[in-house]
Amino acid sequence: MRRTLTILAFLAALPAGAALADDDCFVPMTDWQPREAVARFATAQGWEVRRIRIDDGCYDIDGSDAQGRAIEVKLHPGTLQIVEFEFGDDDHGGERKGQEND
C-alpha cells in the first residue's frame, strides 16, 4: 500500500503531459524554417533526402545516411532540432530520440 501511494504521489508531481511521450510539434507556421533550410540541414549531416513532408506538425525526412542506410528523421520546424531519428530498416524499436545537432 505504501509503495502504491509513493508511486501515485510521484506521478501527481510530474507536470501535466510529462508522463506521456509526445513527438508532435506545435509551432505556428510563421515560425517555421523553410524547406530549403531543412534540405541544407540534411545535406550538412551527410544525408541524402528522398522526401521532406510534414507529419504531426513536424518536418519528416525520408532518406539515407552517409553509410547508405535508410533513415526517417523528424525535425522541429522552428529550430530544426532532431525530435526523432530512426533507421528505416529497424523493426526492433532501436530508434534514437532527441539527438542534438552537430
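Tutor: Two residues are said to be in contact when heavy atoms of theirs lie within 4.5 Å. The model under discussion is predicted. Leaving aside neighbours within four places in sequence, V73 is in contact with W47, Y59, D60, I61, I82, E84 and F85.

Student: Which residues of the largest nonpolar core touch the most other members?

Tutor: This core holds 17 residues, and those touching the most other members are W47, I61, V73 and L75. Two or more residues each come from α2 (35-44), β2, β3 and β4. Helix α2 gives the most, with 4 residues.

Student: What makes strand β2 largely enclosed by the rest of the structure?

Tutor: Strand β2 spans residues 58-64, and 7 of its 7 residues are buried, so the strand is largely enclosed by the rest of the structure. In a regular strand, side chains alternate between the two faces of the sheet. In β2 both faces are covered: C58, D60, D62 and S64 are buried on one side, and Y59, I61 and G63 are buried on the other.

Student: How do you know that β1 and β2 are paired, and how many bridges join them?

Tutor: Pairing requires at least two bridges. Strand β1 (residues 48-55) is joined to β2 by 7 bridges, therefore the two count as paired, and they run antiparallel. One of the bridge partnerships is that of R51 with D62 in β2. The two strands form a hairpin with 2 residues between them, and D56 in the turn has a positive phi of about 55°.

Student: How many bridges join β2 to β3?

Tutor: There are 6 bridges between β2 and β3, and against the requirement of at least two these strands therefore count as paired. They run antiparallel. G63 has I71 in β3 as its bridge partner. This hairpin has 5 residues between its strands, and G68 in the turn has a positive phi of about 85°.

Student: Why is the contact of D62 with R51 called a salt bridge?

Tutor: Side chains of opposite charge can pair when their charged atoms come close. The cut-off is 4 Å between a side-chain nitrogen of Lys or Arg and a carboxyl oxygen of Asp or Glu. The closest N and O atoms of D62 and R51 are 3.9 Å apart, so the pair qualifies. It links distant parts of the chain, with D62 in strand β2 and R51 in strand β1, 11 residues apart.

Student: Is D62 buried or exposed?

Tutor: D62 has 16% relative accessibility; the limit for buried is under 20%, so D62 counts as buried. R51 has a relative accessible area of 43%, between 20% and 50%, and therefore counts as partly exposed.

Student: How many salt bridges does this rule give?

Tutor: The count comes to 4 salt bridges. Among them is the pair of R53 and D60, at 3.1 Å from N to O. R53, at 31% relative accessibility, is partly exposed, while D60, at 7%, is buried. Another joins K74 and D56 at 3.5 Å from N to O. K74 lies in strand β3 and D56 in the loop between β1 and β2, 18 residues apart. K74 is buried at 7% relative accessibility, whereas D56, at 42%, is partly exposed.

Student: Why is the pair of W47 and F85 called tilted?

Tutor: The structure contains 4 aromatic pairs. The ring centres of W47 and F85 are 5.9 Å apart, within the 6.5 Å limit, so the rings pair. Their planes meet at 45°, which is neither under 30 degrees nor over 60, so the pair is tilted. W47 lies in the loop between α2 and β1 and F85 in strand β4, so the pair ties together parts 38 residues apart in sequence. Both residues are buried.

Student: What makes the pair of F85 and F87 edge-to-face?

Tutor: The planes of F85 and F87 stand at 85°, over the threshold of 60 degrees, so this pair is edge-to-face. Its centre-to-centre distance is 5.4 Å. F87 is buried, as is F85. Ring pairs link F41, W47, F85 and F87 into a cluster.

Student: Why does T79 count as partly exposed?

Tutor: T79 has 46% relative accessibility, which falls between 20% and 50%, so T79 counts as partly exposed. It is found in the loop between β3 (70-75) and β4 (82-87). The C-alpha atoms of T79 and Q33 are separated by 7.3 Å, although these residues are 46 apart along the chain.

Notes. Residues numbered from 1 in each chain as written. Predicted model: local features only at pLDDT ≥ 70, side-chain atom pairs only at ≥ 80, totals over all residues. Heavy atoms only, no water. Buried < 20%, exposed > 50% of the residue type's maximum accessible area, 1.4 Å probe, protein only. Core = buried A, V, L, I, M, F, W, Y, C linked by side-chain atoms within 4.5 Å. Phe/Tyr/Trp six-rings, centres within 6.5 Å; stacked < 30°, edge-to-face > 60°.
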